[in-house]
Amino acid sequence: MFGNLFEEEESEGFSSASPKERAAKGTDEPPPPRGRSLLCGIKNQGGTCYLNSLLQTLLFTPEFREELFRLGPQELGCLEDKDKPEAKVRVIPLQLQRLFTRLLLVNQQSASTTDLTDSFGWNSSQGTNQQDVQELNRILFSALEHSLVGTSGSTFIHRLYHGTIVNSIVCKECGNISQRQEDFLDLTVCVCGVSSLEEALWNMFVEEEMFEGTNLYCCARCDRLVTAAKSAKLKKLPPFMTMSLLRFSFDFSKLERYKETGRYSFPLTINLRPFCEQTDGEDMDFTYDLFSVIIHKGGCYGGHYHAYIKDIDELGRWEPPDEDCKPKTQMKIKEVKEVCEPKLQEDDPLSLLTTIISQESPKSVLIDQLGQKLMDKIGSSWSKKFRKQYGPIGKFLQSHSDVFMLVSNGTRVALKANPPSPATECPAPAEKTTEPTAADSGTSAREQEIKPEGSHWFDLNDSTVTSIRESDIEKQFQGKESAYMLFYRKTQLFRPSEARNNPLYKVPSQLIQMAQDENIQLQQKREQFEASNNTVELQLHLAPFYRLDNGALQPISTEPSGITALSFDRRKTVGDLRFTIYQMQELWEGDMALTVAKSLPAGLHLYNTLTADDVSLYSVGIHTNSDLFVWNGREVYGATVQTGAEWEPVLLTVVRPFLGEDFEREAQNGVECKQSECE
Ligand SMILES: [Zn+2]
């Protein structure tokens, strides 16, 4: 019944070229190089877009990528030995390493996953479209863990993704607590009946479920049915939190599946402290940043997946999307100013700080400059004016986490575009003693210039990779096309500066070598293809085989010995061509002019002579099947040849009435029936 649940819609047509187009282009066409984003897509092997979205998410999880690359051939074996019975070759991690290397380093528009899916034992007959991406995430992790048993990588999935939930039931009679722990690699969260991720987490980890009335709990200590409260809390938070949204539900009254398309918002940064069992510690220990959103487009009986991913190490080239231009942005800022200025109330710190931040470009302020900005605005410092009533400025910002958010590793403060509605607001942290550290020294000038909007988000859609704005993520809150899996990473996870802009970072040397070899091969293929695509077929007409007759060049002999065919690369120059012809015509003496010729009904006529020796044939307009007359540029057997369109000979056919035998004889002596002459 659900067999075809996640098959792709045929009509979507996401492959870059139809089979017809591919056939027309020829099968030996080398893959195109990377596009403007400089990031590599993944080919759709037919219903594998869900796999592609997940693989790209894992690639752009630098910690996952580096754990995988850390495993050398001494632990994984070599793919070359995989058919040797005695060799232990761990094919899945090896193929994943290769795929990641190609995605990072090989200059092609998209990479293939065929080798990887083969290593999973998924062949085309079995089809890879039976799984759902949430299920696939678990299958992939489990296959990888299984494949890494006995290596130093056997625990890395666990270290990066494993978390625990503690479920408790508290007896209201004796206070006995019964606890059960639950493991997770990803958290499945409700969509039905809630409007945001925070609300879903609130229902899961803050709300208590009561056993009361007719639904009582059997307490082991009391040994009878009692009133009790059931609750769940996050116990161990992993470095990476993956949220699987339950977008697909089953309607039991209609006995059919349906997709929840209602609005479901999720934040770019989330503090999980309210949902944890243990709430002591720094805010940073509980804070996570969104870095990937896998999106499902379509209904529940088919669809397409793609992913919005944050390129944390800035490996790609992010450019503002086309529809966005500078004047528009400036207008936006102006609008904000106009809206905010009249509202300015000097005694309201919330209004003041909001105004200051909204008037900044790039809409965020370094935390340690906020005091100065305030000073500039109202002529008084925070300490003097507000500290007594509101406490330190950092504490004030934190207690209004629905309005403010920290960006750039907590060094800057920005405004939350959409503050959560009061109904779904998370409780403020119990203890707010920490002030944001004003450590700006670690922030480079470049980092400060980057607008929060432009923080390297890309839409990875099979072969296509395009820059998007962070604000585009909101478009995936609801609808037929909406977020399906969310990937968060702990804010405090540190990325070394050497990793930035450096796709080679931590890639083992043997894999770099593989990528270099593949790049050389690709380059050669492209050059060969280019050359074959640029080969023009030329017909060379050699002057010694022609004579000028009635204004047109006529071959002396009926045999076409005066015509020589030549294949030539049109990117080469006129000089190259002349040199080649000289070499072919060993007996040629004196000047050689190459003149574009054309066969007209009256004979061969000459047009422009190719004089610029350093210009390519392409630039002078030589295409395939061009005729060139090879001569001395002046005369043919003593007859001066006029060139150019104005000297084109015309063929006149004279038709006249029959005038009788005598007249005919006279006429034939005077005019020929077919006559060529100059105009
Ligand atoms: Zn009890």
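**View 1. The span annotated as a coiled-coil region in UniProt.** An unreviewed UniProt entry gives the annotation "coiled-coil region" to residues 512-539; such annotations may be inferred rather than shown by experiment, and positions follow the numbering used here. The model is predicted, local features need pLDDT of at least 70, side-chain atom pairs count only at pLDDT 80 or more, and totals for chains, interfaces and linings use all residues. Residues are numbered from 1 along each chain as its sequence is written, and side-chain values use heavy atoms, without hydrogens and water. In residues 512-539, 79% is helix and 18% is strand (DSSP runs, H or I of at least four residues for helices and E of at least two for strands, numbered from the N terminus). The end C-alpha atoms of this span are 47 Å apart.

**View 2. The zinc ion and its donors.** C171, C174, C219 and C222 each provide an SG atom at 2.2 to 2.3 Å from the zinc ion (donors are N, O and S atoms within 2.8 Å of the metal, or 3.2 Å for Na, K and Ca; water is not among the atoms, so sites may look incomplete). Their spacing along the chain is C-x2-C-x44-C-x2-C.

**View 3. Confidence along the protein.** The average pLDDT, the predictor's confidence in each residue from 0 to 100, is 81 for the protein, and 81% of the residues score at least 70. Among the elements, helix α3 (residues 62-69) has the highest mean, 97, and helix α1 (residues 19-25) the lowest, 39. Residues 1-27 stay under 50 and have 37 contacts beyond four places in sequence (heavy atoms within 4.5 Å).
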